Amino acid sequence: ELNNEIEELNKQINEAKKEKEELHNQLKAVNQKNEELNKQINEANKEKEELRNQIETIKNDNEKEEFVKQLGADAKQRVIDLAENWEADAKDVAEFLIFSSRFPDYSVRNQMLIYMQNPYAMFTAGYNQFEKMGYTVQKGEKGMRIWVPHNITYYRGKESEPWKRLTKSTPKAVRDMIKAGMLETREELQFYRYGVVFDIAQTNCPAEDYPKLVGLGCADELHAAAFDIISEYSNRCGMPVRTIDLKSVALRGYYESETCNITINSRLADTQRLSTLLHEMAHGMLQHGMDTGKSRAQREFEADALSVMLESAMGLPITDTRKEHMSVEYKNYITELKTGKTDEEKAEINEQIDKVFKPIGDLYKRHAPQILAALRLSGIQPQPIKTAQAAPEQEEKTPEHIMDKPKRKMNRSL
């Protein structure tokens, strides 16, 4: 009986061991499942975090895109407001042209944007540019936003070779060859981004440096010498200048279309002679005698506008009579542009009003630097500090060269 009891106990023990082993296997299986579930939870959390980051990135990109769109809309509205104000009262057009003569390296649209944000700006540059010039933007100063083109450069060795894009990974040897002009290059506009510039008055630049940066024109007693130097420049441009007694105190001078000669009344004072010369040169530079299809209002406005910019660069005062004449011709010109147009087309003209000033600005950029350089070479104007004022914007690069001889087919007297 004892043996039977022992045997029965051994069976129970064995069954208990089996049950324990089964429970252990079950527990092991549960632990494995828990481990798999934890892995799945971790992976799900990672995916969730990635999705959250992607959503945040998309949100930030959208906000950035909306911000850039808003800046573009604001800039566009500034130009429209300026155009509408000028159409209602064109007397401020002369003030803008005087203003824009200080910024030949900026596009007309950016000149307008700077003018709307600070009409008293004299010399602008980016924060880092002022640092390179040895000046620091004062703490707390607010910059002016402009639009800066972002260009992509392509290069190739031969015409038969495909164009390659210049990137940060482009070998230094290739970059050196491009810099040396050994490879053909071209640029494509990719997009515009906004940049920030500051006026010289927002920096610690000392007042004695202003004339070297701003260019305050030449003194009244030097206008006679300036007249001679600019007359020589006009001669090189194919517009010979002569000074004679016109037997009149009302006729200041005139431009002859057949010979491209400029005649100035010798009875004028030095400042009047210089002003008249620049005005008649403007007609020649604009080549109004050619069959361009321009109306009288457009010709008169462009000549007045270019001469105002040139005279401003010389530091000559712009008379109220000249401003009034130009404002009338501007309004007449804009009226002509909008005659017969739909409301939508009229609105588009306002949006693109900078195109009206672009031909004038291009000619100013071509001739003003050469005229001022000749004056500085003669000691009439101070030598400027070398700057990179055009660096924030490299949209329009007009090389300096002597213009073709104008072929004007009408007489114009001032």
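**View 1. Burial across the protein chain of this predicted model.** Of the 414 residues in the protein chain, 38% count as buried, and the accessible surface of the chain comes to about 24400 Å², with 49% of that area belonging to carbon and sulfur atoms. The chain has twelve helices and eight strands. Among the contacts with a separation of 6 or more, 70% are accounted for by residues 24 or more positions apart.

**View 2. Phe357 in the largest nonpolar core.** The largest nonpolar core holds 73 residues, and Phe301 and Phe357 are those with the most contacts inside it. Once residues up to four places away in sequence are set aside, Phe357 touches Trp86, Val93, Phe96, Leu97, Val108 and Met112, together with Phe301 and Tyr330. Nonpolar side chains tend to be buried together in soluble globular proteins.

**View 3. The second nonpolar core.** Separate from the core of 73 residues, a second core consists of nine residues, including Ala125, Phe130, Tyr135 and Val137.

**View 4. Leu306 and its surroundings in helix α9.** Leu306 is found in helix α9, which covers residues 296–314, and because its relative accessibility is 0%, under the 20% limit, Leu306 counts as buried. Leaving aside neighbours within four places in sequence, Leu306 is in contact with Ala282, Met285 and Leu286, and also with Ile360, Leu363 and Tyr364. Leu306 and Asp362 lie 56 residues apart in sequence, whereas their C-alpha atoms are 9.9 Å apart in space.

Technical notes: Residues numbered from 1 in each chain as written. Predicted model: local features only at pLDDT ≥ 70, side-chain atom pairs only at ≥ 80, totals over all residues. Heavy atoms only, no water. Core = buried A, V, L, I, M, F, W, Y, C linked by side-chain atoms within 4.5 Å. Buried < 20%, exposed > 50% of the residue type's maximum accessible area, 1.4 Å probe, protein only. Contact = heavy atoms within 4.5 Å. Helix = DSSP H or I, 4+ residues; strand = E, 2+ residues; numbered from the N terminus. Areas by Shrake-Rupley, 256 points an atom, 1.4 Å probe, with all protein chains shown as cover.
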